[in-house]
Structure formats: structure tokens, C-alpha cells
Amino acid sequence: MFNKKLITFRKLRSVNFSNFGSDVLNASLPSFFAAPLPCLDDLIIQYNDILSSILDIHAPVRTKTVTLRPAAAWYSEEINSLKKHRKRLERRWRRTQLPADRQLFIDQCRAVNDLLCSSKKSYYTSLINDNQSDYKLLFKTIDNLLHRKCNTPYPPCNSPSELGNKFVEFFSDKTTKIRVDIDAAAPFLSAPEVKRVCPYTFDEFNMVTVDDVRECGVKLSSKPCELDPLPGYITRNALDTLLPFISKIINTSLQSGQMPSHLKVAKLRPLLKKPSLDHTQFSNYRPVSNLSFISKAIEKSVANQLISYIIKKS
């Protein structure tokens with residue numbers, strides 16, 4: 001028997017993006033962003049709160065009990081149709097007990113099995129050929145084929161909250177130790193003698209345009225973060241409506257030279273450095289952070305301008 005689980009979800013595919021965009025433009029967001037000198041933190045708060053409330057209208061959170069079955073990416077609608085037809089033939093044969101109906105049922109079973117095998121073969125062949133340089137995905141695929149579970153264990157704790165607090169304490173102490181070591185080594189480090197002074201000075205960022213944000217926005221939205229007010233699917237499809245507001249936030253950040261405090265928060269996940277290491281030792285883990293969409297957009301805009309300036313002046 002398969003286990004059952006209560007899940008929460010949103011029906012994102014049913015969102016009408018024309019109506020969604022209209023609600024965004026008819027909300028208080030445009031008038032608030034039209035202010036000449038808005039507070040950067042207030043912009044972020046308004047952006048997150050208003051978009052979250054609009055999302056709740058178009059795709060409210062729902063709950064459902066689902067049966068946990070193994071995922072099959074190779075399963076297609078054609079296979080499902082043949083299986084339904086096989087079931088109908090089986091019921092007819094059991095009702096009539098005729099040899100002809102039994103033969104039809106056997107032939108349909110063979111057709112289903114042949115299609116299953118060919119679909120699996122085609123899917124995994126294409127997956128391996130298209131990702132020959134992605135060793136992580138290849139090993140994961142092999143583990144799935146061999147039914148090997150790769151659940152990452154964590155150090156033993158009484159509760160998830162206790163485990164999270166211990167990871168936070170360990171990573172905080174590690175950061176503090178690194179800073180103390182750097183400060184202690186500073187007096188013994190002599191500054192290198194500079195014989196040539198750089199004649200160039202990068203003292204001002206250029207304001208980004210909507211097209212600049214669109215260019216990097218599509219890529220950044222492919223990896224959403226739980227801290228974002230909108231899922232990645234909604235952000236990608238409503239990007240044209242959101243671009244003026246995102247551009248305003250980025251330009252305000254570049255003008256003020258500040259990163260909003262609300263965007264300095266990341267979703268952290270501890271990962272084991274190597275599979276062979278002892279999973280009970282906190283020192284064998286490294287933190288991987290996932291930033292919000294706008295935080296990554298600001299970082300990308302700054303990086304693009306710095307790299308462009310260095311290349312131009314080199």
C-alpha cells in the first residue's frame with residue numbers, strides 16, 4: 001500500500017495572466033512606486049505584500065490528500081490510453097469468457113508492455129545524451145534506475161527546530177572565528193608596494209532599463225525562492241507587467257548604494273561536502289543560500305556593470 005500525505009498547493013496553471021496583470025496595475029503599487037524619492041525598504045514591503053495578496057486571489061492555497069507513488073517522467077498520455085483500453089478488454093473477457101476476447105486482451109497487454117519499454121528506453125537515452133557533462137544528474141539518474149535511495153541524513157536531534165538552531169549556531173561560530181583569525185593576522189601582513197596608480201575610478205552606477213532587467217529576469221526566475229512573493233512560473237509569465245516595478249527597485253538601490261535589509265535574508269540549506277563524510281559532524285556541512293529574485297537581480301545588475309567597466313578599461 002502506498003502512503004498518503006496532506007499537501008498544500010496553488011493551481012498556478014489556471015491563472016489568467018491578463019486579469020492578473022490588470023489587478024497589479026489597478027492596485028496601489030503604481031502610485032506608490034511613482035513617488036520621486038521612495039524609501040527602498042518601503043518599496044520592497046509594498047511590492048511583496050501587494051503581489052502576495054493578488055496571488056491569493058488568483059491562485060489561493062488549497063489542501064489535498066495525495067497518494068505517494070514513484071514518479072515516472074516517461075509516462076505519457078498514450079500509455080494511459082492503452083492501459084484504459086486494456087482494462088476494458090479485460091472486463092469484457094471476464095464477462096464473456098470467449099477465447100477471442102481473451103486473445104484481444106493478451107494482445108493489448110503486449111502492446112502496453114512494448115510501449116512502456118520503448119518509452120523508458122527513449123526517455124533515458126535522451127536524458128543521458130542531453131546531459132553528458134552534468135555528472136550530478138547522471139549519477140542521480142543511475143540511482144533512480146537502480147532504486148537506490150539517496151536521502152541526505154543530518155546529525156541526530158530531537159526535533160527539526162533543534163537541528164536548525166544547531167546549524168545556525170555552528171555556522172555563526174564559524175563565521176566569527178574566520179573574522180577573528182583575519183583580524184589577528186592583519187598586523188603581520190604588509191601591504192604590497194604599489195608602483196603604479198590606476199588612473200580610472202568607478203564612482204557611479206548607470207541606471208538599468210526595462211530591457212536590461214528583462215534580459216536577466218527570465219534566467220533568474222527559473223530558480224525561485226520561498227522568500228519571493230510570487231512563484232517562478234507566475235513571475236516569468238507576468239514579467240512584462242512587473243518589469244517597471246523591479247527596475248524601480250534596482251535603480252533606487254543603485255542610486256542610494258544600499259541593499260534593502262529585507263533582501264539580505266536568504267533561505268539556507270546545509271549540504272554535506274562529500275557523500276563519504278560523516279553526516280553526524282556539523283563541520284562536514286557547508287551552507288548553500290538561495291536569495292530572493294529581486295536580490296539576485298540587483299546583484300546581477302551590479303556585476304554586469306563592474307565586469308563591463310573592467311573589460312572596457314583593461
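The accessible surface of the protein chain adds up to about 22,200 Å², and carbon and sulfur atoms own 55% of that. Keep in mind that what you're looking at is a predicted model. On the inside-versus-outside question, buried residues make up 27% of the 314 residues in the chain.

Now for the overall outline. Line the chain up along its principal axes and the C-alpha atoms fill a box of roughly 95 × 55 × 45 Å. The radius of gyration is 28 Å, whereas a compact globule of 314 residues would come in near 20 Å. As for what the chain is built from, you can count 11 helices and 4 strands. Among contacts in the chain with a separation of 6 or more, 72% are between residues 24 or more positions apart. Charges are worth a glance too: there are 46 positive side chains and 30 negative ones, and the centres of those two sets sit 10 Å apart.

How much confidence does the predictor have in all this? The mean pLDDT of the chain is 87, and 96% of its residues reach 70 or more. Going element by element, helix α1 (residues 17–26) has the highest mean, at 94, while helix α6 (residues 135–145) has the lowest, at 81.

With that in hand, let's stop at a few individual residues, beginning with helix α4. Lys87 is found in this helix. With a relative accessibility of 44%, Lys87 counts as partly exposed, because that value falls between the 20% and 50% cut-offs. Look across to Phe105: the two residues are 18 apart in sequence, and their C-alpha atoms are 8.4 Å apart in space.

Follow the chain past the end of α4 and you reach Gln97, in the loop between α4 (77–96) and α5 (99–130). Gln97 has a relative accessible area of 54%, so it is exposed, the cut-off being over 50%. What about its backbone? Gln97 isn't a glycine, yet it has a positive phi of about 60°. For background, most residues other than glycine have a negative phi.

Next comes Leu220, which lies in helix α8 (residues 210–220). Its relative accessibility is 17%, and anything under 20% is called buried, so Leu220 makes the cut. Which residues does Leu220 touch, once its neighbours within four places in sequence are set aside? The list is Phe293, Lys296, Ala297 and Lys300. Take Lys296 from that list: it is 76 residues away from Leu220 along the chain, but the C-alpha atoms of the pair are separated by 7.3 Å.

Our last stop is Phe282, in the loop between strands β3 (267–272) and β4 (285–290). Is this loop residue buried or exposed? Phe282 is buried, because its relative accessible area is 18%, under the 20% limit. Ignoring neighbours within four places in sequence, Phe282 is in contact with Pro155, Leu163, Lys166, Phe167 and Phe170. With Lys166, the separation is 116 residues in sequence and 8.6 Å from C-alpha to C-alpha.

Technical notes
Residues are numbered from 1 along each chain as its sequence is written. This is a predicted model: local features need pLDDT of at least 70, side-chain atom pairs count only at pLDDT 80 or more; totals for chains, interfaces and linings use all residues. Side-chain values use heavy atoms; hydrogens and water are left out. Helices (H or I, at least four residues) and strands (E, at least two) are DSSP runs, numbered from the N terminus. The radius of gyration is taken over C-alpha atoms; the globule rule is 2.2 Å times the number of residues to the power 0.38. Buried means under 20% relative accessible area, exposed over 50%, partly exposed in between (1.4 Å probe, protein chains only). Contact means heavy atoms within 4.5 Å. Accessible areas come from the Shrake-Rupley method with a 1.4 Å probe; for residues, only the protein chains shown count as cover. Lys and Arg count as positive and Asp and Glu as negative; His and the chain ends are not counted. The place of a charge is taken as NZ of Lys, CZ of Arg, CG of Asp or CD of Glu. pLDDT is the predictor's confidence in each residue, from 0 to 100.
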